[in-house]
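User: I'd like to learn how to read a few structural features off a model. Could you walk me through them one by one?

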Amino acid sequence: MFQAKAFAAANPTAELAEAVIPRRTPTDRDVQIEILYCGICHSDLHTARDEWKSVMPTVYPCVPGHEIVGKVTKIGPAVTKFQVGDTVGVGCLVAADHTCPTCQHGQEQFCAHAAFTYNAPDKHGTAPVTYGGYSEAIVVEEEMVLRIPGNLDLAGAAPLLCAGITTYSPLKRQGVGPGKKVGIVGLGGLGHMGVKLAHAMGAHVVVFSTSPSKRDDALRLGADEVVITKNPEELARHMGTFDMILDCVSAEHDLNIFLALLRTGGNLTMVGAPEKPLPIGIFGLLFGNKTLSGSMIGGIAETQEMLDFCGKHGITADVEVIPMQHVNQAYERMLKSDVKYRFTIDMASLKA
């Protein structure tokens, strides 16, 4: 093993602070990565503060971070896909069994033996749980490492490893492309990626927002139209016309409005995760053969496909780059939606 600098939460109420964590020496099929940038996801905050304890209780110390971009510094003797010096990424997964039916169908995120990048049991026994990307280095199985297209800004590419695949996967699954009308609910960290990706796929993109001040930014990001959901007249013009609506909002809100906006056979996909259950009028589904579904990240092959798509179209997240020492302020600002649209940590700051 070797020791790596990191930032960790010691308990649910503690600020993240400097720490030293163990990393395993690369085994035969491992890739050791120097982390250059790590995006901040809202999941990081939820986990650091143990806000998902009813489903995934946090084990401390907790080192968050699953939007990792870096350089390969060492490889195991059996590694064939990567070489020292390659620019690579690590997303929300660091392990899976690769043999079960879900893995065989390219859905490692649902593997019963999958390990998330942080706060999951560490099968290698290096630590009680996996430690994430708020650190200077990470060691990952070759099968879980992704290649970053060379034309992408690395700070902006980091959030693609979570926000990018979270929005790309359901858009692709619903066949979004030319001739399709797609709604994006919420223009935040997920929503702004949904706009960019749906636009690049060739769809007619409409952003739904409660804030008129976001209209200009939505159009800049690639939206064709913006609908203010507090305005009944604007909503009325679009009733029954959407092929798909991607809901990126994690706050409590009325889903029935968006079901009514779908055409016959249309789909509403949830990628935001409201804390409380949301009421659904079942007749809104029955009349029109409409579907309500959820989506969680994507498998490794699909994530690489998303990165290649972003490389082809020059897509990255809009980011504010911060030093590691400002992570606690970033968490507070994130709670206030005071960022356009993601924070990315420059891990060189750990050396300060």
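**Reading the features**

Analyst: Happy to. Let's begin with one residue and its place: Pro61 sits in the loop between helix 1 (42-48) and strand 4 (68-75). Keep in mind that this is a predicted model.

User: What kind of peptide bond joins Tyr60 and Pro61?

Analyst: A cis one, with omega at about 0 degrees. There's another cis bond to look at, running from Lys340 to Tyr341, where omega is near -10 degrees. Tyr341 belongs to the loop between helix 11 (327-335) and strand 17 (342-346).

User: While we're on the backbone, which value is near 55 degrees in Ser337?

Analyst: That's phi, and it is positive in a residue other than glycine. Ser337 is found in the loop between helix 11 and strand 17. Its relative accessible area is 61%, so Ser337 counts as exposed.

User: And Ile297, is that residue buried or exposed?

Analyst: Buried: Ile297 has 8% relative accessibility, and the cut-off for buried is under 20%. Ile297 also has a positive phi, near 40 degrees, and again this is a residue other than glycine. Look for Ile297 in the loop between strand 15 (291-294) and helix 10 (300-313).

User: Let's turn to aromatic rings. How is a pair of them described?

Analyst: You give the distance of the centres and the angle of the planes. Searching the whole structure turns up four aromatic pairs. Take Phe208 and Phe242: their ring centres are 5.4 Å apart and the planes meet at 55 degrees, so this pair is tilted.

User: Where in the chain do Phe208 and Phe242 lie?

Analyst: Phe208 is in strand 11 (residues 204-209) and Phe242 is in strand 13 (residues 242-247). They are 34 residues apart, and the pair links distant parts of the chain. As for accessibility, Phe208 is buried at 1%, and Phe242 is buried at 0%.

User: What other aromatic pair is tilted?

Analyst: Try Phe283 and Phe287, at 6.1 Å centre to centre with 35 degrees between the planes. Here the surroundings read another way: Phe283 is exposed, with 60% relative accessible area, and Phe287 is exposed at 62%.

User: Going back to Phe242, which residues do ring pairs link into a cluster with it?

Analyst: Phe208 and Phe258 join Phe242 in that cluster. Phe242 also has a charged neighbour to check: Lys181 lies over the face of its ring, 4.5 Å from the ring centre.

User: Last topic, pockets. How do you find where empty space is left?

Analyst: You roll a probe the size of a water molecule over the atoms, and that shows where empty space is left. In this model, the second largest pocket has a volume of about 190 Å³. There are 14 residues lining the second largest pocket, and those closest to its centre are Gln107, Gln109, Ser169, Arg173 and Glu302.

User: Which helix gives the most to the lining of the second largest pocket?

Analyst: Helix 4 (residues 163-173), which contributes three residues.

User: How many residues of each class are in that lining?

Analyst: The lining of the second largest pocket has eight polar residues, three charged and three nonpolar.

Methods:
Residues numbered from 1 in each chain as written. Predicted model: local features only at pLDDT ≥ 70, side-chain atom pairs only at ≥ 80, totals over all residues. Heavy atoms only, no water. 1 Å grid on protein atoms, 1.4 Å probe; cavity = no way out; pocket = protein on both sides within 12 Å on 5 of 7 lines; lining within 4 Å. Points joined across faces, edges and corners; volume = space filled by probe spheres on them. Helix = DSSP H or I, 4+ residues; strand = E, 2+ residues; numbered from the N terminus. Nonpolar A, V, L, I, M, F, W, Y, C, P; charged D, E, K, R; others polar. Phe/Tyr/Trp six-rings, centres within 6.5 Å; stacked < 30°, edge-to-face > 60°. Buried < 20%, exposed > 50% of the residue type's maximum accessible area, 1.4 Å probe, protein only. Lys NZ or Arg CZ within 6 Å of the ring centre and 35° of its normal.
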